[in-house]
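Student: I have a structure to learn. Can we go through it by asking what each label rests on?
Tutor: Yes. Have a look, then ask.

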Amino acid sequence: MSQLADFQNEIYLNGLADVRPDLPTDLTKLEGLAASKLSATSFGYVAGSAGSEGTARANRDAFDRWRIVPRMLRDVAERDLSVTVLGTPMPAPVLLAPIGVQSILHPDGELATARAAAATGLTTVLSTAASHTMEEVAEANGPGSRWYQLYWPKDRDLAASFLDRAKAAGYTALVVTLDTFTLAWRPRDLDQAYLPFIRGIGVANYFSDPVFQKSVGGPVTDANRQTALLHWIGQFGNPSLTWDDLAFLREHWDGPIALKGIQHPDDARRAVDAGMDGVIVSNHGGRQVDGALASLDALPLVVDAVGGRTTILFDSGVRTGADVAKALALGAQAVLVARPYAYGLALGGEAGVRHVLRCLQAELELTMALSGHRTVSELTLDSLVRV
Ligand SMILES: Cc1cc2nc3c(=O)[nH]c(=O)nc-3n(C[C@H](O)[C@H](O)[C@H](O)COP(=O)(O)O)c2cc1C
Ligand SMILES: O=C(O)C(=O)c1ccccc1
């Protein structure tokens with residue numbers, strides 16, 4: 001489909017090695033292709049959002065209201081996009097956001113994603129609700145870098161067991177997702193009666209866990225699978241959690257911790273006061289609170305409140321290199337992308353994810369260089385204008 005110009009190949013020989021001719025280099029086109037490849041139910045689950053999907057649209061629209069102001073004659077011959085975030089060095093300020101049950105997208109699921117991340121040097125964030133165990137994913141990721149995303153279950157012993165396992169398997173930072181203690185009102189899933197988990201996709205981290213198994217009376221087999229699924233649903237999230245509970249995380253995790261789903265500056269301040277190492281400004285890609293503000297509009301408010309005092313990451317709506325540059329200019333240290341690599345996974349397994357990551361990195365580098373920026377720290381509010 002795409003023939004890269006020789007000119008770009010010359011400049012980006014390494015960066016473009018994984019770019020596939022059968023996949024578009026305009027990553028906004030992946031969704032349409034994934035729609036034809038996936039079942040209507042799986043596609044609806046991934047592409048869909050909460051309610052009228054107004055917040056998902058707002059996430060995208062917010063990027064259009066910020067425009068990059070290119071600067072000239074600034075010697076951009078040598079570029080360095082690398083950053084170190086929560087102790088993890090990265091070749092570019094882009095991480096793979098946690099996405100649960102990836103085997104609905106491709107049989108290799110999170111294993112393919114972990115291999116693609118390792119191949120590009122980028123960090124993958126593994127979901128508690130993954131369809132492969134965190135130990136299997138660690139093996140697939142090998143010498144790559146990986147963080148663990150916790151869905152904080154009601155059972156404290158189960159939460160502690162997840163954290164011990166993640167530590168033992170080489171996950172170096174902890175992401176705690178606060179905005180999804182239960183799934184929101186998601187009309188596409190409701191209308192299509194889509195219950196991927198109950199229809200037989202295993203939630204491997206739970207089913208393989210000794211604490212979980214003890215609660216369901218032994219290993220999960222066909223005989224007790226229904227009981228196990230119901231137990232999982234009951235355990236999945238805890239709506240009673242408060243800021244006071246964060247102390248538990250510190251007791252059970254000695255590495256860096258970031259809270260995911262922060263949108264209000266006061267919540268960001270509370271995270272810092274509670275000794276957290278970072279916040280992820282995110283509205284879960286518009287999948288939780290329809291009517292909520294665009295995540296990009298929340299970012300400058302959070303940066304004003306806690307910038308310089310903590311690590312600030314961003315997600316929700318990032319689709320292009322320009323989007324990444326805008327979020328960085330608004331004060332994020334790095335961004336997470338979700339749906340674009342989910343579609344890459346659906347379309348081409350590991351190679352599809354690599355394609356997405358390489359394109360995004362290359363487009364970011366070109367955007368930065370052509371607008372006069374050599375490094376991530378050179379992207380500031382001065383690089384943008386609000387229209
Ligand atoms: C299919 C799907 C599954 C997701 N599963 C998780 C998850 O298990 N844990 C989590 O913290 N976030 C999960 N998210 C949210 C993403 O990590 C991320 O916050 C959001 O999708 C970013 O927006 P984007 O899709 O516009 O890039 C999921 C998102 C999608 C689309
Ligand atoms: O669908 C989601 O957004 C999500 O975060 C999730 C929750 C539970 C299981 C799998 C994914």
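**From label to reason**

Tutor: Strands β8 (residues 257-262) and β9 run parallel, joined by four bridges. Keep in mind that this is a predicted model.

Student: What makes β8 and β9 a pair?
Tutor: At least two bridges are needed for a pair. β8 and β9 have four, so they count as paired. One bridge links Ala258 to Gly278 in β9.

Student: Which helix lies between β8 and β9 in the β-α-β unit?
Tutor: Helix α13 (residues 265-273), and the unit is right-handed.

Student: Why is a crossover called right-handed?
Tutor: Point the strands away from you. If the path from the first strand over the helix to the second runs clockwise, the crossover is right-handed. The unit of β8, α13 and β9 gets that label.

Student: Which way do the residues of β9 point?
Tutor: β9 covers residues 278-281. Gly278 and Ile280 point one way, Val279 and Val281 the other, and all are buried.

Student: Why do side chains alternate in a strand?
Tutor: In a regular strand, side chains alternate between the two faces of the sheet.

Student: How many bridges join β9 to β10?
Tutor: Four, and the two strands run parallel. Val281 has Phe314 in β10 as its bridge partner. From β9 the chain crosses through helix α14 (residues 295-306) to β10, again as a right-handed β-α-β crossover.

Student: What makes β10 and β11 a pair?
Tutor: Two bridges join strand β10 (residues 311-314) to β11. The cut-off is at least two, so the pair qualifies. The strands are parallel. Phe314 has Val335 as its bridge partner in β11. Helix α15 (residues 321-329) carries the chain from β10 to β11, and this β-α-β crossover is right-handed.

Student: Which strand pairs with β11 over three bridges?
Tutor: Strand β4 (residues 94-96), in the parallel sense. Leu96 stands opposite Val337. In β11 (residues 334-337), Ala334 and Leu336 point one way, Val335 and Val337 the other. All four names in that list are buried.

Student: How many residues are in the largest nonpolar core?
Tutor: It has 111 residues. Among those with the most contacts inside it are Ala258, Val279, Val335 and Val337. Helix α16 (residues 339-370) gives the largest share, 14 residues.

Student: What is Ala327 in contact with, beyond its neighbours within four places in sequence?
Tutor: Leu296, Leu299, Phe314, Val318, Ala332 and Val335. Ala327 is also listed with the most contacts inside the core.

Student: Why is Ser316 called buried?
Tutor: Buried needs 20 or more other C-beta atoms within 10 Å. Ser316 has 34, so it is buried. Ser316 is in the loop between β10 and α15. Its phi is near 105°, a positive value in a residue other than glycine.

Student: Is Asp75 buried or exposed?
Tutor: Exposed. The cut-off is 12 or fewer neighbours, and Asp75 has 7 inside 10 Å, so the label fits. Asp75 sits in the loop between β1 (66-68) and β2 (83-85). Asp75 also has a positive phi, about 45°, although it is not a glycine.

Student: Why is Asp164 called partly exposed?
Tutor: Asp164 has 13 other C-beta atoms within 10 Å. Exposed stops at 12 and buried starts at 20, so 13 falls in between. Asp164 belongs to helix α7 (residues 156-168).

Student: What makes Arg188 partly exposed?
Tutor: Arg188 has 18 other C-beta atoms within 10 Å, so it too lies between the two cut-offs. Arg188 is in helix α8 (residues 187-191). Leaving aside neighbours within four places in sequence, Arg188 is in contact with Gly44 and Gly48.

Student: Which residues are around ligand 2?
Tutor: Gly100, Val101, Ala129, Thr180, Leu183, His284 and Arg287.

Student: How do you know that this shell has three polar residues?
Tutor: Glycine counts as polar, so Gly100 joins Thr180 and His284. The rest of the shell is three nonpolar and one charged.

Student: How many residues surround ligand 1?
Tutor: 21, and the closest are Ala97, Gly100, Ser127, Gly285 and Ala338. By class, this shell has nine nonpolar, nine polar and three charged residues.

Notes: Residues are numbered from 1 along each chain as its sequence is written. Chains are lettered from A and ligands numbered from 1 in the order in which they are written. This is a predicted model: local features need pLDDT of at least 70, side-chain atom pairs count only at pLDDT 80 or more; totals for chains, interfaces and linings use all residues. A residue is near a molecule or strand if its C-beta atom, placed from the backbone, lies within 6 Å of it. A nonpolar core is a set of buried Ala, Val, Leu, Ile, Met, Phe, Trp, Tyr and Cys residues joined through C-beta atoms within 7 Å. Two residues are in contact if their C-beta atoms, placed from the backbone, lie within 7 Å.
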